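Got your viewer open? Load the model, switch to cartoon with side chains on demand, and follow along.

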Amino acid sequence: MHVEHNLAHHRFVTRLPQGDAVLTYRITATGALDIRSTYVPPAARGRGIGGALVEAALTHARTEGRMVIPTCWYVGTWIARHPEFRGLLTPDAAGQAGG
């Protein structure tokens with residue numbers, strides 16, 4: 001599955017026959033990646049697409065040396081299941097992902 005990073009619009013996108021799956025974020029004043037929402041078209045859910053978007057965003061954050069705020073509930077749940085990414089959470093956000 002190919003995930004595109006649209007840096008100008010602060011989003012990661014996977015193009016699907018059912019429509020685009022999209023993860024949106026913003027960069028906070030402290031430079032953290034605040035992941036705001038994750039959307040996968042209903043007909044494409046349950047196939048790991050949302051997880052692929054989250055992993056791409058977290059890998060990007062790690063590469064850029066940014067901390068993460070999982071404002072989107074799905075991102076917090078995903079990080080709780082993937083403890084190798086918990087170190088990216090800002091101290092205030094650690095509780096949102098079962099930290």
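**Start at a hairpin**

Select β3 and β4 first: five residues sit between the strands in their hairpin, and there Gly-31 has a positive phi near 90°. Keep in mind throughout that this is a predicted model.

Now show the backbone of both strands. β3 and β4 are antiparallel partners, with six bridges between them. For one landmark, pick Thr-24 and look across to β4, where Ser-37 stands opposite.

**Across to β2**

Next, add β2. It runs antiparallel to β3, and six bridges join the two. Click Thr-14 and then its bridge partner in β3, Ala-21. The hairpin that links β2 to β3 gets by with two residues.

Stay in that loop between β2 and β3 and select Gln-18. Is Gln-18 buried, exposed or partly exposed? Its relative accessibility is 34%, so Gln-18 counts as partly exposed. Turn on contacts, leaving out residues up to four places away in sequence, and Gln-18 touches Pro-41, Ala-43, Ala-44 and Arg-47. If you want a ruler across the model, draw a distance from Gln-18 to Pro-83: the C-alpha atoms are 31 Å apart, with a sequence separation of 65 residues.

**A non-glycine with a positive phi**

Go back to the loop between β1 and β2 and pick His-10. Most residues other than glycine have a negative phi. His-10, not a glycine, has a positive phi of about 50°. With 30% relative accessibility, His-10 falls between the 20% and 50% cut-offs and therefore counts as partly exposed.

**Along α1**

Select α1, residues 49–64. Do its ends sit where they should, or not? At 1.5 Å a residue, the 16 residues of α1 should span 22 Å, and the end C-alpha atoms are 23 Å apart, which agrees. Just after the helix comes Gly-65, with a positive phi near 75°.

Color α1 by accessibility. The buried residues are Ile-49, Gly-50, Gly-51, Leu-53, Val-54, Ala-57, Leu-58, His-60 and Ala-61. Show what covers them and you will find, among others, β1, β2, β3, β4, β5 and α2.

**Where two helices meet**

Bring in α2, residues 73–81. Its axis and that of α1 come within 10 Å and cross at roughly 80°. That angle lies in the 65 to 115 degree range, so α1 and α2 are roughly perpendicular to each other. To see the contact itself, show Gly-50, Gly-51, Val-54, Glu-55 and Leu-58 on the α1 side, which meet Tyr-74, Val-75, Trp-78 and Ile-79 on the α2 side.

**Finish in the core**

Last stop: the largest nonpolar core, which has 23 residues. Which of them touch the most other members? Show Leu-23, Ile-35, Leu-58 and Val-68 as spheres, as those are the ones. At least two core residues each come from β2, β3, β4, α1 and α2, and α1 gives the largest share, with six.

Center on Leu-58 to end the tour. Leaving out residues up to four places away in sequence, Leu-58 touches Ile-35, Val-68, Trp-78, Ile-79, Phe-85 and Leu-88. You have already met Leu-58 as one of the α1 residues that face α2 in the helix contact, and as one of the buried residues of α1.

Key: Residues are numbered from 1 along each chain as its sequence is written. This is a predicted model: local features need pLDDT of at least 70, side-chain atom pairs count only at pLDDT 80 or more; totals for chains, interfaces and linings use all residues. Side-chain values use heavy atoms; hydrogens and water are left out. A nonpolar core is a set of buried Ala, Val, Leu, Ile, Met, Phe, Trp, Tyr and Cys residues joined through side-chain atoms within 4.5 Å. Buried means under 20% relative accessible area, exposed over 50%, partly exposed in between (1.4 Å probe, protein chains only). Helices (H or I, at least four residues) and strands (E, at least two) are DSSP runs, numbered from the N terminus. Contact means heavy atoms within 4.5 Å. The expected span of a helix is 1.5 Å times one less than its number of residues. Two strands pair if DSSP finds at least two bridges between them. Axes are lines fitted to C-alpha atoms, for helices over the stretch in contact, and angles run from 0 to 180 degrees between N-to-C directions. Angles under 35 degrees count as roughly parallel, over 145 as roughly antiparallel, 65 to 115 as roughly perpendicular and the rest as oblique.
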